[in-house]
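Hi everyone, thanks for making time this morning. I'd like to walk you through one structure, a few residues at a time, so please have it open on your screens.

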Amino acid sequence: MEIEKAAGSGKEKRTRDTSLDAVKGFAIILVMLGHCIVKNNMVDPVKDPYVYDVIKAIEMPLFIMISGYLAGLSKRKASLKEAACTIKKRAVSYLVPFFVWLFLSNLLSGHFSPFSALRDVLFHLDWGLWFLMTLFLITVLVLLAECFPKTWQSACFLAAAYILFFLQSRTGNTFLSPHLTVRYMPYYIAGFWVSRYLLPARNRGSRWAVLFTGKKVLWGIWAVSLCGFIWLIVRYDMVTVHSTKELLFQMTASLLGSYVCFFGIYQFYQSRKMPENYAGNVQFSKSSFLSRIGLYTLEIYVLHFRFVTMLGFYKKGCSLYSLEGIGVVIASFLVMSVFTWLIVSIVKKVPLLNFLLFGKSRPRR
């Protein structure tokens, strides 16, 4: 992310890197396509051993990795007081929409039972907007870890927390779905480590950091990662998990695939990006399509899947590898996108709804 001087103020201000928004935009489109396949009952490991596996392996790990990368760009929290302040902000951004949508979904289900729904979703996060709660838990752990004065102490804290979540998942206790934290925390840490430690070390002229962040080296790693990702996709199932070994292979594939997408898309858009005040707005006329989409990933995430089955294609039992199946995906995607855009546009004009449904304290102008 670039840093520039505020004109006439002598103060530094952070600028928005629209290349990162493009990566986020790509990730949310993958999520939307994945739901078009899943909700229309077209996941078939025999007829489709690759397409959905690729989407499944990358979509959410890439989101988590971007979140970690962005967190690493922020100022380090030197005390518990500073960490608590940031945690409060993240609680509003992630947990307000998590619980509001839980309540609304239960209300519209026809069997209004909010306390039962709350109990169920806290023990099975994937019955709700699991990404928001899992991301919040990981963010809290990283913020608390940074309160330790030494980097190795922070690393030990995170390792201990990770082991505890793993042990909880092995006991069968599903409160806050520890298996999700176990699965997705490494991607957050990877993104966070790069922006918090590797890039600053390179900027300081550290020999090892300069060596490992050279363009040729990074593209070499990209090529190796792409080959490794393809091999793992062909060799292993990315949808179901039958053992810890399979989980490790899946997580490795996700890590490699996320790097391939993150680095490749970021580099592609670097020459086209239009930096703007990161706390402010991006001029749509000067930003790419993916960058525009990337500004509203949370809004799209909480809404889009609710409109996938509006056309009733899920009853047909189509194969993804057919003209009919491709048509179902395209039609579902278009209808879902239109309705999502309409509702986001309306909600953004009502501050209270914008806060409750999207966790945003003020609408984008």
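Let's start at Arg 196, which, setting aside neighbours within four places in sequence, is in contact with Ala 71, Gly 72, Ser 74, Lys 75, Arg 76 and Glu 146. Please keep in mind that this is a predicted model. Arg 196 sits in helix α7. Is Arg 196 buried or exposed? Buried: its relative accessible area is 12%, and the cut-off for that label is under 20%. If you want a distance to check on your screen, the C-alpha atoms of Arg 196 and Ala 160 are 20 Å apart, with their positions 36 residues apart along the chain.

Now step back to the loop between α6 and α7, where you'll find Leu 176 and Ser 177. I'd look at the backbone here. Leu 176 has a positive phi, near 60 degrees, and it is not a glycine. Ser 177 is no glycine either, and its phi is positive too, at about 45 degrees. As for accessibility, Leu 176 counts as buried at 16%, and Ser 177 counts as buried at 2%.

Next, the second largest pocket. About 1,300 Å³ of space lies in it. Its lining is made of 48 residues, and those nearest the centre are Asp 126, Trp 127, Trp 130, His 179 and Leu 180. Which helix gives the most to this lining? That is α7, our helix from a moment ago, with six residues. Several helices supply at least two lining residues each, among them α1, α2, α3 and α4. Also in that group are α6, α7 and α10. For those of you thinking about chemistry, the lining splits by class into 23 nonpolar, 17 polar and eight charged residues.

From α10, let's pick out one residue, Cys 261. Cys 261 is buried, with a relative accessible area of 11%. Leaving out residues up to four places away in sequence, Cys 261 touches Phe 26, Ile 58, Leu 62 and Tyr 266. Another pair you can check is Cys 261 and Trp 231: 30 residues apart in sequence, and 16 Å apart from C-alpha to C-alpha.

Since we're on cysteines, how many disulfides does the model have? The count comes to zero. Take Cys 147, which is in no disulfide: the nearest cysteine sulfur belongs to Cys 85 and is 12 Å away. Why is Cys 156 not bonded to another cysteine? Its sulfur is 16 Å from the closest cysteine sulfur, the one in Cys 147, and a disulfide needs the two sulfurs within 2.5 Å, so that is too far for a bond. These two cysteines also fall in separate accessibility classes: Cys 147 counts as buried at 19%, while Cys 156 counts as partly exposed at 44%.

Moving along the chain, Thr 297 is in helix α12. Thr 297 is buried, at 10% relative accessible area. Its contacts, once neighbours within four places are left aside, are Lys 24, Gly 25, Ile 28 and Phe 63.

That brings me to the last helix on my list, α13, covering residues 323–347. Its 25 residues reach 36 Å from first C-alpha to last, close to the 36 Å expected at 1.5 Å a residue. Which residues of α13 are buried? They are Gly 325, Val 328, Val 329, Ser 332, Phe 333, Met 336, Thr 340, Val 344 and Val 347. And what covers them? The cover includes α1, α12 and α14, so named by their order from the N terminus.

Let me finish on Val 347, in that helix. Val 347 counts as buried, at 5% relative accessibility. Not counting residues up to four places away, Val 347 touches Leu 353, Asn 354, Leu 357 and Phe 358. For one of those partners, Leu 357, the C-alpha atom is separated from that of Val 347 by 8.2 Å, at 10 residues along the chain.

That's my tour; thanks for listening, and I'm happy to go back to any of these spots.

Definitions and conventions
Residues numbered from 1 in each chain as written. Predicted model: local features only at pLDDT ≥ 70, side-chain atom pairs only at ≥ 80, totals over all residues. Heavy atoms only, no water. Helix = DSSP H or I, 4+ residues; strand = E, 2+ residues; numbered from the N terminus. Expected span 1.5 Å × (residues − 1). Buried < 20%, exposed > 50% of the residue type's maximum accessible area, 1.4 Å probe, protein only. Contact = heavy atoms within 4.5 Å. 1 Å grid on protein atoms, 1.4 Å probe; cavity = no way out; pocket = protein on both sides within 12 Å on 5 of 7 lines; lining within 4 Å. Points joined across faces, edges and corners; volume = space filled by probe spheres on them. Nonpolar A, V, L, I, M, F, W, Y, C, P; charged D, E, K, R; others polar.
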